[in-house]
Amino acid sequence: MDDSALRAATFLDKGGVGKTTATAHLGVALDRNGYDVLLLDLAGKQGDLAKHFGLWEEVQADDDRWPNITTVFQDEWETISEKLPTAVEDLIIPTGEGPDLIPAHESLDGLDATLGNIDDAAERYSRLDEFLTDYVASDYDVILLDLPGSTSNIAYNGLWAAGNVVAPVRPGPFEAGQAAQLRRDLETIREEQDVGIELVMVLLNEVDERTKAGKTYLEEFEEVYPEALAPVQIPSSQDVQNAQMNGGTLFALERPSQTAQRAIEAYETDAERLVERLGGGR
């Protein structure tokens, strides 16, 4: 690989589709395959990525943490980074499962309005891209961004910075509609904002291909997204919740169930295919 990280953002204009779970598991799968991975949580002050790795109490205990993720969007960031040599290092915490993490912060709540006050669209939406390019991209092979479940100035910054979208989807007509809308939204962004953003992977969560409904659902997505659909879909497993309660991913389980093992193998396959679609690979 060259000295610039491959980037992708998990995004769908809907909550509860498994964006954070996908980000965490794809990140760990890539790390286990030898990639240096950075995860970045823009999905809100809830800190779901930190919770996924059992780090939420640590993050909350340092709720006055500065600098934090919102700091990199500020006009003063360049000055801050010059005067504080550890500024970038202070943003990052290890997950304990391989990838590094820049966690969400409660100040994200006010960031969207702050960005909205910037009149020039290119300046408003390029701040995260500039931060990643100038300060962290050379230190990692892959950067995965977990975006809010709705379009916003924060989400647009994530899309501009990533340039590539992974869309986790759960079975159901509404989710299928959201995935179709996402493709239209990305086309609108490309045309109106003159920026390249591609849908590189549609990742189906909790699909049971053994059922008639599961087979039908998968066939529909294979027809609509023949190039973007992930090679292996993620089966439903109660172990996902069990692992989260223990502060880890499925990869951290000592004795994963059969469904958990299938999910692990699916994430490993999909993660490697994602890197290929991003133009990397070994």
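1. Start at the pairing of β2 with β4. In this predicted model, Leu39 stands opposite Leu101 in β4. Strand β4 covers residues 100–102, and three bridges join β4 to β2. The two strands run parallel.

2. The other partner of β2 is β5. Five bridges connect β2 and β5, again in the parallel sense. Here Val37 is the residue to look at: Val142 in β5 stands opposite Val37. Strands of a sheet pair through backbone hydrogen bonds, either parallel or antiparallel.

3. Now the sheet as a whole. What is the strand order? The open sheet has seven strands, ordered β3-β4-β2-β5-β1-β6-β7. The pairing is mixed. Which strands stand at the edges? They are β3 (93–94) and β7 (198–204). Each has a single partner strand, so one side of each is left without a neighbour in the sheet.

4. Burial of β2. Strand β2 spans residues 37–41. Five of its five residues are buried, so the strand is listed as mostly covered. Val37, Leu39 and Asp41 point one way from β2. Leu38 and Leu40 point the other way. Note Asp41: this residue is among the buried ones.

5. Val37 in detail. Val37 lies in β2. Its relative accessible area is 3%, under the 20% limit, so Val37 counts as buried. Which residues does Val37 contact, leaving aside its neighbours within four places in sequence? The contacts are Gly27, Leu30, Asp31, Pro99, Asp100, Tyr140 and Val142. Val142 is also the residue opposite Val37 in β5. A further pair spans a long stretch of sequence: Val37 and Leu144 are 107 residues apart along the chain, yet their C-alpha atoms are separated by 7.6 Å.

6. Helices on the sheet. Helix α8 (residues 127–136) lies across β1 (6–10), β2, β4 and β5 (142–146). Against β5, α8 runs at about 150 degrees. Helix α13 also packs on the sheet. The strands that α13 touches are β1, β5, β6 (164–169) and β7. The direction of α13 makes about 175 degrees with that of β7.

7. A helix pair to check. Two packed helices are described by the angle between their axes and the distance between the axes. For α6 (residues 108–116) and α9 (residues 153–162), the angle is about 80 degrees and the axes are 8 Å apart. The two helices are therefore roughly perpendicular to each other. From α6, the contact uses Leu108, Leu111, Asp112, Leu115 and Gly116. From α9, it uses Asn153, Ile154 and Asn157. By class, the contact has four nonpolar, three polar and one charged residues.

8. Salt bridges, the count and the network. How many salt bridges are there? The count is six. Asp75, Glu123 and Arg127 are linked in a network. Within that network, the side chains of Arg127 and Glu123 meet at 2.8 Å, N to O. Are these two residues buried or exposed? Arg127 is buried, with a relative accessible area of 11%. Glu123 is partly exposed, at 38% relative accessibility.

9. A salt bridge within α10. Arg190 and Glu187 form a salt bridge, with their closest N and O atoms 2.7 Å apart. Both residues lie in helix α10 (residues 173–193). They are three residues apart, about one turn of the helix. Arg190 is partly exposed at 22% relative accessibility. That value is over the 20% limit for buried residues, so Arg190 is not counted as buried. Glu187 is also partly exposed, at 34%.

10. A salt bridge within α13. Glu276 pairs with Arg273, the closest N and O atoms being 3.5 Å apart. The distance cut-off is 4 Å, so this pair counts as a salt bridge. Both residues sit in helix α13 (residues 258–277), three residues apart, about one turn of the helix. Glu276 is partly exposed, with a relative accessible area of 44%. Arg273 is partly exposed too, at 34% relative accessibility. Helix α13 is one of the helices noted above as packing on the sheet.

Conventions
Residues numbered from 1 in each chain as written. Predicted model: local features only at pLDDT ≥ 70, side-chain atom pairs only at ≥ 80, totals over all residues. Heavy atoms only, no water. Axes fitted to C-alpha atoms, helices over the stretch in contact; angles between N-to-C directions. Helix = DSSP H or I, 4+ residues; strand = E, 2+ residues; numbered from the N terminus. Parallel < 35°, antiparallel > 145°, perpendicular 65-115°, else oblique. Contact = heavy atoms within 4.5 Å. Nonpolar A, V, L, I, M, F, W, Y, C, P; charged D, E, K, R; others polar. Buried < 20%, exposed > 50% of the residue type's maximum accessible area, 1.4 Å probe, protein only. Pairing = 2+ DSSP bridges.
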